[in-house]
Amino acid sequence: LVAEQIAWTKSKSKRIGLRLEMDEEIRSHLRAGRVSLYRQEGSGWVTGDGRAAKVLPRLLGFCATPAGASPPEAAMICAPIATPDGALGVLKISAREAGVLADYEANLVEEFIPLISLAVQFSVRTEALHERLLQSERKHALANLTRGITHDVNNALGAMLPLVQQMHEDTRKGH
């Protein structure tokens, strides 16, 4: 699971690109492709319709914040993104204040998920093509090196072969 956080701060979050372990329940929830809205109530997370949330918000949420740090999240939207190779990613949009994220925002995110999935697909395909290009360049360089070595060895053998033939002929004649 690759979890990414969009944060309106001036620095990159350390959680972008974070890989998380997940159980089959979370995996099946993400494969269903539903955009989920969660909000913090008391000490736990609830879904947009008020039911107790399962593991996903705790997995993606911030831990307890130390004194002087930013306040914890009050709400989050989690949108699963599937890649062509079956890997799962999560776009997480969070708010530190209650009431900032609601069904309207979750629906907007849901509208963009197909475009995001397409962008991820193109990115994965571009990465694969780039890797194939690098492999091709490596093979081409090795072929050129091999061709050069073969040429040099053949030149050396070509220079020695008449001498060896002459020595063989001289030995045969008893010289």
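1. Serine 36 sits in strand β3. The model is a predicted one, and in it this serine is buried, with a relative accessible area of 10%. Leaving out residues up to four places away in sequence, serine 36 touches His29, Met76, Ile77 and Cys78. Serine 36 also belongs to the group of lining residues that lie nearest the centre of the largest pocket, together with His29, Tyr38, Thr47 and Arg51. His29 therefore appears on both lists: as a contact of serine 36 and as a residue nearest the pocket centre.

2. The largest pocket has a volume of about 480 Å³. Its lining is made up of 21 residues. Two or more of these come from each of the elements α1 (24–31), β3 (36–41), α2 (55–60) and α3 (103–173). The greatest contribution is that of α3, with 4 residues. By class, the lining holds 9 nonpolar, 5 polar and 7 charged residues.

3. Threonine 47, another of the residues nearest the centre of the largest pocket, lies in strand β4, which covers residues 44–47. Is threonine 47 buried or exposed? Its relative accessible area is 15%, and because buried means under 20%, threonine 47 counts as buried. Its side chain makes a polar contact with the side chain of aspartate 49, at 2.4 Å. Apart from neighbours within four places in sequence, threonine 47 is in contact with Leu37, Tyr38, Arg39 and Ala53. Of these, Tyr38 is itself among the residues nearest the pocket centre.

4. Glutamate 110 is placed in helix α3, the element that gives the most residues to the pocket lining. With a relative accessible area of 39%, glutamate 110 is partly exposed. Between glutamate 110 and serine 36 there are 74 positions of sequence separation, yet their C-alpha atoms are 9.1 Å apart. This pair relates a position in α3 to one in β3.

5. Valine 120 is a further residue of helix α3. Its relative accessibility is 23%, so it falls in the partly exposed class; the limit for buried is under 20%. The C-alpha atoms of valine 120 and alanine 82 are separated by 8.3 Å, with the two positions 38 residues apart along the chain as the sequence offset.

6. Methionine 22 is in the loop between β2 (18–19) and α1. What is the burial class of methionine 22? At 14% relative accessibility it is buried. Methionine 22 and valine 55 are 33 residues apart in sequence, and the distance from C-alpha to C-alpha is 9.1 Å.

7. Some remarks on the whole chain follow. The protein has 3 helices and 6 strands, and from the N terminus the order of elements is β-β-α-β-β-α-β-β-α. Helix α3, the residue range 103–173, is the one that holds both glutamate 110 and valine 120.

8. Of the 175 residues, 25% count as buried; serine 36, threonine 47 and methionine 22 are included in that class. The exposed area of the protein is about 12,600 Å², and 59% of this is supplied by carbon and sulfur atoms. Among contacts with a separation of 6 or more, 53% are between residues 24 or more positions apart.

Methods: Residues numbered from 1 in each chain as written. Predicted model: local features only at pLDDT ≥ 70, side-chain atom pairs only at ≥ 80, totals over all residues. Heavy atoms only, no water. 1 Å grid on protein atoms, 1.4 Å probe; cavity = no way out; pocket = protein on both sides within 12 Å on 5 of 7 lines; lining within 4 Å. Points joined across faces, edges and corners; volume = space filled by probe spheres on them. Nonpolar A, V, L, I, M, F, W, Y, C, P; charged D, E, K, R; others polar. Buried < 20%, exposed > 50% of the residue type's maximum accessible area, 1.4 Å probe, protein only. Polar contact = N/O pair within 3.5 Å; in protein donor to acceptor, adjacent residues only side chain to side chain. Contact = heavy atoms within 4.5 Å. Areas by Shrake-Rupley, 256 points an atom, 1.4 Å probe, with all protein chains shown as cover.
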